[in-house]
Amino acid sequence: MDYYPIFLDVKDRCCLVAGGGAVGTRKAFGLARAGARVTVVSPDFSDELSNMPVSAITLKKKNFEDSDLDGMSLAFAATDNMQLNAGIRQAAQKKNILCNIADGRDKGDFILPAVVERGDLIFAVSTCGASPALSKHLRLALEARFGPEYGILAALLGRIRAILLERGHDPKGHRKTFCALLDADLPEKIAAGQTRQIDTVLAGILGEGFSLERLMPDFGTREL
Ligand SMILES: C[C@@]1(CC(=O)O)c2cc3[nH]c(cc4nc(cc5[nH]c(cc(n2)[C@H]1CCC(=O)O)[C@@](C)(CC(=O)O)[C@@H]5CCC(=O)O)C(CC(=O)O)=C4CCC(=O)O)c(CCC(=O)O)c3CC(=O)O
Ligand SMILES: NC(=O)C1=CN([C@@H]2O[C@H](COP(=O)(O)OP(=O)(O)OC[C@H]3O[C@@H](n4cnc5c(N)ncnc54)[C@H](O)[C@@H]3O)[C@@H](O)[C@H]2O)C=CC1
């Protein structure tokens with residue numbers, strides 16, 4: 001395995017993106033979505049970055065300098081100049097900052113996957129740099145196969161799990177319970193808004209007191 005897959009909590013961490021073109025923009029928005037404090041340094045910016053409302057992304061209109069890395073947790077070299085990108089990586093290494101390079105494989109500390117987000121359920125696909133187009137293709141296939149109902153399912157199971165864990169630790173019993181829930185066609189029932197059928201499944205497997213209304217009062221207002 002060329003890379004170690006990991007889900008990173010970047011909330012409130014400062015991240016630098018060098019290069020405000022299409023690639024830098026995609027990376028900056030992805031980071032901001034995950035709650036990072038993003039700075040993009042670039043002599044010019046994409047329309048998307050230029051026109052965004054005041055947000056978590058700070059724009060610094062200038063060429064990259066090593067000092068831009070100060071205080072950063074992660075760096076992304078996304079300029080159209082390969083030599084400069086390599087220089088950004090070197091400068092980041094000196095400061096112990098992990099750096100992604102947009103222009104080639106095996107040159108950065110980490111690479112980005114194609115992502116499908118369904119609430120807390122996240123699919124991340126990588127080909128270790130072999131074929132980003134394949135990652136994107138599979139991302140689209142996953143998006144078509146696993147709709148928003150899976151995000152709702154993840155939230156529902158999360159709430160059930162929190163209650164069961166509060167009652168006590170029982171890995172074997174909980175495994176059996178969740179296998180039964182996952183065998184009960186819940187995604188289809190959620191997608192069809194079949195609240196009564198969902199309640200029947202919940203009560204049958206978990207016992208009385210487990211209803212959609214109690215576990216997820218906002219179910220009816222969630223968008224599918
Ligand atoms: C190594 C890596 C470094 C990194 O950026 O972390 C990297 C590198 C490069 N990509 C290039 C090209 C393209 N990249 C995309 C798309 C994505 N690229 C992403 C990641 C990665 N790209 C990392 C490897 C991830 C992996 O292996 O899976 C995705 C998954 C995530 C994201 O960027 O957020 C995102 C999909 C997002 C989505 O789901 O839509 C498309 C498709 C398109 O644009 O339609 C193309 C054109 C088609 C093609 O070339 O495949 C080139 C230029 C090659 C050239 O010069 O021709 C390089 C440089 C090189 O390889 O030398
Ligand atoms: N990782 C990926 O998914 C992909 C990577 N690429 C690679 O990523 C690189 C960037 O691609 P695009 O965003 O499409 O290019 P682009 O040309 O749209 O953007 C490059 C940006 O870098 C900025 N820049 C130039 N010199 C700079 C400096 N000294 N300091 C800071 N910023 C500077 C430019 O002003 C511009 O905003 C390309 O070299 C390409 O090889 C291309 C496609 C996809």
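**Ligand shells, sheet and domains**

Around ligand 2, at least two shell residues each come from strand 1 (14-20), helix 1 (22-33) and strand 2 (37-45). Helices here are DSSP runs of H or I with at least four residues, strands are DSSP runs of E with at least two, and both are numbered from the N terminus. The model is a predicted one, so some cut-offs apply: local features need pLDDT of at least 70, side-chain atom pairs count only at pLDDT 80 or more, and totals for chains, interfaces and linings use all residues. As for labels, residues are numbered from 1 along each chain as its sequence is written, while chains are lettered from A and ligands numbered from 1 in the order in which they are written.

Back to ligand 2: its surroundings add up to 21 residues, with Gly-19, Gly-21, Val-23, Phe-64 and Ala-102 the closest. A residue gets into such a shell if its C-beta atom, placed from the backbone, lies within 6 Å of the molecule. Strand 2 provides the largest share, 4 residues. Sorted by class, the shell around ligand 2 comes out as 10 nonpolar, 8 polar and 3 charged residues. For this sorting, Ala, Val, Leu, Ile, Met, Phe, Trp, Tyr, Cys and Pro are nonpolar, Asp, Glu, Lys and Arg are charged, and the others, Gly among them, are polar.

Strands 1 and 2 also belong to an open sheet of 5 strands, ordered 3-2-1-4-5 with parallel pairing. Strand 3 (57-61) and strand 5 (98-101) sit at the edges with a single partner strand each, so one side of each has no neighbour in the sheet. On average, neighbouring strands of this sheet are turned by 20° against each other, direction ignored. Pairing means that DSSP finds at least two bridges between two strands; strand 1 and strand 2, running parallel, are joined by 6. Cys-15, for one, has Val-38 of strand 2 as its bridge partner. Helix 1 lies across strand 1, strand 2, strand 3 and strand 4 (74-77), at about 160° to strand 1. Such angles, from 0 to 180 degrees, are taken between N-to-C directions of axes fitted to C-alpha atoms, for helices over the stretch in contact.

What about ligand 1? Its shell holds 22 residues, the closest being Ile-111, Ala-114, Pro-132, Ala-133 and Ser-135. Helix 1 and helix 4 (132-145) are the elements giving two or more residues to this shell, and helix 4 gives the most, 5 residues. The class split is 9 nonpolar, 8 polar and 5 charged residues.

The protein is divided into domain 1 (14-112), domain 2 (113-146) and domain 3 (149-221), with bounds from an automatic or database domain assignment. Ligand 1 lies between domain 1 and domain 2, because both give residues to its shell. Domain 2 and domain 3 have C-alpha centres 26 Å apart. Between these two, 5 residues of domain 2 are in contact with 5 residues of domain 3, contact being C-beta atoms, placed from the backbone, within 7 Å. On the domain 2 side there are 2 nonpolar, 1 polar and 2 charged residues.

Strand 6 (residues 114-118) and strand 7 (residues 121-125) pair antiparallel over 5 bridges. Arg-118 has Leu-121 of strand 7 as its bridge partner. The hairpin of these strands has 2 residues between them, and Gly-119 there takes a positive phi near 65°. Another positive phi, near 100°, belongs to Gly-207, which follows helix 8.
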